[in-house]
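User: Could you take a close look at one part of this structure for me? I'd like one strand and its surroundings walked through properly, and then a quick tour of what lies further out.

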2 protein chains.
Amino acid sequence: MQRKPYAEMTAQELQEEIRTLKEAYKKYQAMELSLNMSRGKPCIEQLDLSMGMMDMLSSQADLNCADGTDCRNYGVLEGIEEAKQLIGDMMENHPDNIIIYGNSSLNVMYDTVSRAETHGIMGNAPWCSLKKVKFLCPVPGYDRHFAISEYFGHEMIPVPMTENGPDMDMIEDLVASDAAIKGIWCVPKYSNPQGYSYSDDTVRRFARLKPAAPDFRIFWDNAYGVHHLYDNDQDYLIEILAECKRAGNPDLVYKFSSTSKITFPGSGIASIATSLNNLEDIRRQLRIQTIGHDKVNQLRHVRFFKDIHGMVEHMRRHADILRPKFEAVTSIFEEELSDLRIGSWTRPKGGYFISFDAMEGCAKDIVDRAKKAGVVLTGAGATWPHGQDPEDKNIRIAPTYPPLEDLKLATRLFTLCVRLSSAQKLLGERA
Amino acid sequence: MQRKPYAEMTAQELQEEIRTLKEAYKKYQAMELSLNMSRGKPCIEQLDLSMGMMDMLSSQADLNCADGTDCRNYGVLEGIEEAKQLIGDMMENHPDNIIIYGNSSLNVMYDTVSRAETHGIMGNAPWCSLKKVKFLCPVPGYDRHFAISEYFGHEMIPVPMTENGPDMDMIEDLVASDAAIKGIWCVPKYSNPQGYSYSDDTVRRFARLKPAAPDFRIFWDNAYGVHHLYDNDQDYLIEILAECKRAGNPDLVYKFSSTSKITFPGSGIASIATSLNNLEDIRRQLRIQTIGHDKVNQLRHVRFFKDIHGMVEHMRRHADILRPKFEAVTSIFEEELSDLRIGSWTRPKGGYFISFDAMEGCAKDIVDRAKKAGVVLTGAGATWPHGQDPEDKNIRIAPTYPPLEDLKLATRLFTLCVRLSSAQKLLGERA
């Protein structure tokens with residue numbers, strides 16, 4: 001049964017609607033829920049998929065690499081060869097373009113910015129010596145990216161996202177005209193939070209940017225490169241390093257990745273892929289910073305997956321767990337909200353998030369209401385620099401962690417909060 | 001049979017000696033040795049001691065902490081409680097004063113300096129904004145400490161080491177009078193390279209320093225805190241955090257440690273211990289830099305050792321492997337060199353190194369000669385800032401990695417090189 005859109009309701013109809021919704025809300029409160037949908041955390045069943053990795057290196061195992069390196073001892077600054085091969089296949093980059101790090105790609109990104117701050121990039125002035133450093137921030141985007149820029153005092157310039165990626169006209173103009181712009185934060189595939197993947201045209205235009213700053217870099221966080229939900233309906237992303245090379249801009253991009261959402265978050269392996277020039281620049285610092293990262297864990301990953309085919313098969317098992325969760329959320333949204341015209345949402349084919357846009361000025365209120373009924377969502381505004389969504393409308397939905405039945409319950413409650421908040425806002429406008 | 005000291009030899013006697021030594025050297029060259037004594041690497045037998053750790057977390061194991069935290073997932077920025085307990089017992093610090101990091105204490109030290117450079121310490125100006133930052137460097141010392149300071153452009157001021165630690169008169173004067181001095185690099189127990197441990201008086205004076213700079217910090221790299229060679233003859237070091245607290249200087253020190261030379265170098269766990277004020281300062285950055293370090297590996301370590309007693313027993317097994325190596329080196333030195341009076345060396349009761357002082361101007365030559373006969377030593381000068389030993393006399397001996405018989409051979413060759421180099425120098429002085 002098609003319901004009347006809220007915007008077309010009379011004040012009286014809205015009042016009636018609010019009364020009904022409040023009754024329903026009270027019932028949720030009485031359930032004393034305690035559900036967390038705030039972060040992109042894998043669920044227990046997903047973690048269980050990688051338990052076999054724990055058996056790869058027993059006390060009887062040979063912990064030598066193919067080239068004879070004893071993984072238990074010091075050495076090998078940039079990662080063991082077989083890990084570079086596996087991660088290279090995962091990232092679609094040549095192993096020679098890769099450095100394997102520790103357990104966190106966020107840490108690699110932080111270090112990359114921090115190194116630019118203290119030592120500059122490829123001979124350019126250290127950013128900390130500059131009056132102003134600006135970063136472009138596609139919005140909505142990933143709060144932890146913005147937090148790094150905020151921590152280092154960057155001026156963050158929001159760039160609107162579209163289904164094809166960020167607004168490239170705006171980016172081309174800005175980077176060409178302002179040498180203080182040193183970087184842009186990108187999640188190019190199954191973006192955080194919308195699940196959008198950059199179009200071919202977007203990637204090509206990125207590779208052909210003509211930045212005024214010689215030390216401008218694209219921070220290409222390909223966190224969800226192999227994180228598809230469907231076997232036969234997957235987004236494809238043009239490989240940016242190769243495209244930059246073809247465009248004559250080989251040093252333009254730092255590309256990041258990790259196995260955090262493939263094996264165990266916090267106990268995976270992270271990596272950077274970039275040009276040989278950039279790598280040489282990075283090495284000068286890396287050899288001061290550490291003797292090497294955890295090779296035993298690199299070997300453990302390689303023995304578990306064997307090769308990229310093993311990883312792809314593994315990701316299908318993740319998809320089997322996650323697909324019903326994503327579909328549950330979007331179908332409840334469809335059922336509960338579509339005819340009321342009080343919000344819109346994305347339908348990603350991969351990644352970890354769904355993006356919900358409420359009516360302007362409602363996001364904070366919705367998140368607060370959900371919290372008061374026991375469902376913690378990502379804070380409203382988190383998808384914007386400094387946590388400030390100027391229209392207060394974007395909410396990131398993280399459907400992966402809760403069990404399916406909990407997730408459905410939480411999503412129903414969420415739609416209830418959306419309806420309540422929207423109805424009250426519209427009623428307020430009538431008054 | 002007591003031989004004549006080289007200094008008392010005539011030119012002719014020296015020439016005869018050199019002829020004999022060169023014959024012996026040629027025999028070593030003919031053996032085509034390829035031995036590496038350059039770094040403080042555990043040997044294979046030592047690594048084998050920790051293989052049982054690989055069985056602690058099988059696919060059937062429960063990977064939850066005592067408090068229910070699933071170690072496989074995101075979260076827990078500062079380390080799991082049981083790891084803080086174990087490392088706390090190892091470092092002699094309260095778990096609340098500890099943050100557990102990744103696999104490398106060097107990385108923690110680098111990050112600590114880098115954070116001070118970009119953000120300052122506890123509200124003080126970022127070091128990168130200052131004209132000059134100076135670090136005190138006890139010499140001989142650890143090359144990787146000096147490399148961090150060099151990388152960040154610190155002016156390094158050498159401070160002579162004694163058997164009781166660095167020259168405290170000099171340190172007290174310098175830090176009290178110069179606010180540009182922001183830190184000092186210390187390996188307080190079984191120091192690198194001498195194996196000296198700071199005396200009670202030295203530690204007490206460190207804790208009572210009155211630095212001109214409010215952001216002066218002692219970088220206390222307690223790398224060898226539990227790395228004794230003997231059961232009944234061990235150095236004891238006063239715990240610096242407690243001593244600083246007693247002295248009314250609670251925030252004066254950052255203390256670092258790791259299990260790199262307890263379990264697997266590169267796959268251990270590293271940590272910082274410091275005051276609650278300093279920890280709060282660190283947290284502000286750490287939560288931007290990462291979501292958390294590798295908890296699975298923390299749990300693996302805890303399950304393996306169970307408690308500090310397990311670790312102490314484990315270290316006795318390391319000592320059983322290392323003691324004969326240290327004793328072989330010093331007894332060959334004694335036998336080959338003591339009566340010739342052309343060098344002096346330390347006799348550590350723990351740690352990873354022996355320090356050898358040759359005659360002035362001979363260290364580089366000795367290391368070169370050894371290398372040409374197939375034995376790689378730590379580069380001469382490495383124990384000084386910028387790799388420049390002004391007297392060219394200190395050589396760091398790393399006896400841990402080679403098998404005992406190889407080590408003996410390499411040590412004999414080393415003493416031969418010392419003799420050759422010394423005799424030639426003395427002969428040159430006669431000419």
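Here is the part I have in mind.
What does strand β3 of chain A pair with, and how covered is the strand?

Analyst: Some housekeeping before the strand itself. This is a predicted model, in which local features need pLDDT of at least 70 and side-chain atom pairs count only at pLDDT 80 or more, while totals for chains, interfaces and linings use all residues. Residues are numbered from 1 along each chain as its sequence is written, and chains are lettered from A and ligands numbered from 1 in the order in which they are written.

Now to β3(A), which covers residues 134-139 and is mostly covered, with 6 of its 6 residues buried. "Buried" here means 20 or more other C-beta atoms within 10 Å of the residue's own; 12 or fewer makes a residue exposed, anything in between is partly exposed, and C-beta atoms are placed from the backbone. Strands are DSSP runs of E with at least two residues, helices are runs of H or I with at least four, and both are numbered from the N terminus. Lys134(A), Leu136(A) and Pro138(A) point one way from the strand, Phe135(A), Cys137(A) and Val139(A) point the other way, and all are buried. So yes, that includes the lysine, Lys134(A), which counts as buried because the cut-off looks at C-beta neighbours.

As for partners, strands count as paired if DSSP finds at least two bridges between them. β3(A) runs parallel to β4(A), residues 155-162, over 6 bridges, and there Val139(A) sits opposite Pro160(A). β3(A) also pairs in the parallel sense with β6(A), residues 181-186, over 3 bridges, with Phe135(A) standing opposite Gly183(A).

Between β3(A) and β4(A) comes helix α5(A), residues 143-151, and the three make a right-handed β-α-β unit. Right-handed means that, with the strands pointing away from you, the path from the first strand over the helix to the second runs clockwise.

The end of β3(A) has a twist for the backbone-minded. The peptide bond from Val139(A) to Pro140(A) is cis, with omega near -5°, and Pro140(A) is in the loop between β3 and α5 of chain A. Past β6(A) there is another cis bond, joining Asn192(A) and Pro193(A) with omega about 10°; Pro193(A) lies in the loop between β6 and α7 (200-207) of chain A. For background, most peptide bonds are trans, and most residues other than glycine have a negative phi.

That brings up His386(A), which has a positive phi of about 60° although it is not a glycine. His386(A) is in the loop between β12 (375-377) and β13 of chain A, and it counts as partly exposed because it has 13 C-beta neighbours inside 10 Å.

Zooming out, an automatic or database domain assignment splits chain A into domain 1 (6-46 + 312-430) and domain 2 (63-305). Their centres, taken over C-alpha atoms, are 31 Å apart. The contact between them takes 26 residues from domain 1 and 29 from domain 2, with contact meaning C-beta atoms, placed from the backbone, within 7 Å.

Finally, the neighbouring chain: 44 residues of chain B are in contact with 44 residues of chain A. On the chain B side, α4 (105-119), α5 (143-151), α9 (276-289) and α10 (295-305) each supply at least two residues, and the largest share, 6 residues, comes from α4(B).

Technical notes:
Two residues are in contact if their C-beta atoms, placed from the backbone, lie within 7 Å.
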